[in-house]
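User: I should like to understand the reasoning behind the labels applied to this structure. Please set each value against its criterion.

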Amino acid sequence: MVRSLRLWNFRGVEKGEVRLAPFTIILGGNNSGKTTILEALFLAPNPFRRAPYSGVDVAVKILQETHRVFENTGYFFLFHNYTSSEARIKCDSHVISFLRDDETIYVTTNKSDAGECLMLKGKPANVLGKLSFTLTNIVSMYVNDKVTKEDSLLLSPSLTRMSYDYVRINWPLLAHSNVCSRIAEELSRLPGGKCVDITMEPFFKGGVSINLLLEEEKRIRLSDAGTGVQNYVIARILYELKKPEILLWDDVDNGLDPATLLSVARWFSSLVEKGTQVIVTTRSPEAARRIAEAAGGRPTILLSILKEGKLETRRLLETELDDGILEAEKPSKSLRAA
Ligand SMILES: Nc1ncnc2c1ncn2[C@@H]1O[C@H](COP(=O)(O)OP(=O)(O)OP(=O)(O)O)[C@@H](O)[C@H]1O
Ligand SMILES: [Mg+2]
């Protein structure tokens with residue numbers, strides 16, 4: 001479990017610290033640092049490890065893909081104001097640094113047995129791998145793609161879509177377990193009826209589709225279900241395939257109807273009970289309150305505040321969760337690169 005996350009010059013955060021609990025809901029308005037926090041926690045176990053998304057499957061490349069604007073932005077986005085010379089993520093005592101040296105970014109760790117020892121800027125450093133600073137999508141090389149800290153799984157509406165092929169390819173691992181029927185059972189009632197199973201079946205032109213099997217042999221393709229249901233089903237399947245120690249879900253309430261949000265909150269509770277750390281973000285005080293209520297008041301709710309590059313969090317009581325709470329904190333006047 002990660003109890004303390006500290007950031008220096010990482011994305012929108014020049015400096016900041018977040019104290020995390022076994023179950024944390026991070027609430028904040030736009031530009032309050034929520035995604036930055038989850039991305040740091042996602043990279044921390046090793047930016048070069050494989051993650052369950054298709055086409056692009058190296059963790060840091062996945063983030064590059066989600067931040068890609070037009071044709072090319074390289075890995076500038078990792079550095080505060082796109083110009084810092086070093087970005088650092090510290091989870092408890094574990095440190096990952098991104099060090100710029102001309103056209104190259106060296107990714108280093110403080111674990112002496114995890115990387116390759118090189119001299120960087122006159123000092124020895126344990127290098128996990130290198131990224132090209134300017135070229136699109138290039139992971140120049142890595143020496144270690146193993147997890148060096150508890151593994152984390154990042155979920156978000158855009159990553160859900162990037163996970164479909166991964167789920168399809170790995171379907172045989174699920175087919176012989178009762179995972180799908182269990183997920184179906186815990187889904188709230190859908191407009192077409194109660195879901196009894198999740199299947200993968202042949203579809204048009206030799207393709208396959210993931211289907212929600214409803215009562216009376218009716219079925220609906222997962223990609224035609226509401227976005228909230230899609231996000232939830234894919235989240236549960238990815239969790240079963242990866243069994244991460246830390247589950248990160250950005251904009252958790254996106255597209256979720258209240259009944260599905262309730263199923264999601266109950267699922268989080270059961271994960272936390274089994275020892276998985278759960279950290280989710282939302283812009284909605286109402287969603288935070290609903291999740292906290294459904295989870296029996298277990299989660300710690302943090303208000304995320306980003307001002308002039310400084311990230312802070314303030315612990316909130318459930319009684320403080322009304323719309324006014326976000327009004328009190330002005331959004332960051334973040335500095336953007338020219
Ligand atoms: N590399 C960077 N340098 C400087 N500022 C950045 C960088 N990357 C992101 N930012 C800024 O950091 C701030 C926080 O971004 P972040 O995506 O974490 O916010 P958020 O709380 O997730 O917002 P939203 O609710 O809109 O998703 C934003 O103002 C963003 O423009
Ligand atoms: Mg965000």
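Analyst: The model is a predicted one. A suitable starting point is Ser304, which lies in strand β16, residues 300-307.

User: Why is Ser304 called buried?

Analyst: Ser304 has a relative accessible area of 3%. Buried means under 20%, and Ser304 is therefore classed as buried.

User: What makes the approach of the Ser304 side chain to Ser32 a polar contact?

Analyst: The side chain of Ser304 reaches the backbone oxygen of Ser32 at 2.5 Å. The limit for a pair of N or O atoms is 3.5 Å, so the pair at 2.5 Å qualifies.

User: Which residues are in contact with Ser304, leaving aside its neighbours within four places in sequence?

Analyst: They are Ile26, Leu27, Gly28, Ser32, Gly33, Lys34, Ile37, Leu311, Glu312 and Thr313.

User: Ile305 also lies in strand β16. Why does Ile305 count as buried?

Analyst: The relative accessibility of Ile305 is 10%; the cut-off is under 20%, and Ile305 therefore counts as buried. The C-alpha atoms of Ile305 and Gly29 are separated by 8.5 Å, although their positions lie 276 residues apart along the chain when counted as sequence separation.

User: How do you know that Gly28 is buried?

Analyst: Gly28 has a relative accessible area of 0%, and because buried means under 20%, the label follows for Gly28. Gly28 is found in the loop between β3 (23-27) and α1. Not counting residues up to four places away in sequence, Gly28 touches Lys34, Thr282, Arg283, Ser304 and Leu326.

User: Why is Arg283 called partly exposed?

Analyst: The relative accessible area of Arg283 is 43%. Buried requires under 20% and exposed over 50%, with partly exposed in between; Arg283 is therefore partly exposed. Its place is the loop between β15 (277-282) and α8 (285-294). Among the contacts of Arg283 beyond four places in sequence are Gly28, Asn30, Lys34 and Asp251. By contrast with these contacts, Arg283 and Gln230 are 20 Å apart, C-alpha to C-alpha, with a sequence separation of 53 residues.

User: Which residues come nearest to ligand 1?

Analyst: Of the 20 residues around ligand 1, those are Lys34, Thr35, Thr36, Asn81 and Arg283. Helix α1 (residues 34-43) gives the largest share of this shell, three residues. By class, the shell has five nonpolar, 11 polar and four charged residues.

User: What makes the pairs between ligand 1 and Asn30, Thr35 and Phe79 polar contacts?

Analyst: An N or O atom in the side chain of Asn30 is 2.9 Å from an oxygen atom of ligand 1. For a polar side-chain atom of Thr35 and an oxygen atom of the ligand, the distance is 2.7 Å. A polar backbone atom of Phe79 lies 2.9 Å from a nitrogen atom of ligand 1. The criterion is a pair of N or O atoms within 3.5 Å, so these pairs meet it. The protein covers 89% of the 650 Å² of accessible area that ligand 1 has on its own.

User: Is Arg49 buried or exposed, and what makes it so?

Analyst: Arg49 has a relative accessible area of 2%; with the cut-off at under 20%, Arg49 is therefore buried. It is found in the loop between α1 and α2 (59-66). A polar atom of the Arg49 side chain lies 2.8 Å from the backbone oxygen of Phe42. Contacts of Arg49 beyond four places in sequence include Asp57, Asp145, Asp151 and Ser152.

User: Why is Glu217 called exposed?

Analyst: Its relative accessible area is 63%. Exposed means over 50%, and Glu217 is therefore exposed. Glu217 lies in the loop between β12 (207-214) and β13 (219-221), and has a positive phi of about 60° although it is not a glycine.

User: Which residues have the most contacts inside the largest nonpolar core?

Analyst: They are Phe98 and Phe268, in a core of 105 residues. Helix α6 (residues 227-242) gives the most to this core, with nine residues.

Key. Residues are numbered from 1 along each chain as its sequence is written. Chains are lettered from A and ligands numbered from 1 in the order in which they are written. This is a predicted model: local features need pLDDT of at least 70, side-chain atom pairs count only at pLDDT 80 or more; totals for chains, interfaces and linings use all residues. Side-chain values use heavy atoms; hydrogens and water are left out. A nonpolar core is a set of buried Ala, Val, Leu, Ile, Met, Phe, Trp, Tyr and Cys residues joined through side-chain atoms within 4.5 Å. Buried means under 20% relative accessible area, exposed over 50%, partly exposed in between (1.4 Å probe, protein chains only). Helices (H or I, at least four residues) and strands (E, at least two) are DSSP runs, numbered from the N terminus. A residue is near a molecule or strand if one of its heavy atoms lies within 4 Å of it. A polar contact is a pair of N or O atoms within 3.5 Å; within protein, one must be able to donate a hydrogen and the other to accept it, and residues adjacent in sequence count only if both atoms are side-chain atoms. Accessible areas come from the Shrake-Rupley method with a 1.4 Å probe; for residues, only the protein chains shown count as cover. Ala, Val, Leu, Ile, Met, Phe, Trp, Tyr, Cys and Pro count as nonpolar, Asp, Glu, Lys and Arg as charged, and the others, Gly among them, as polar. Contact means heavy atoms within 4.5 Å.
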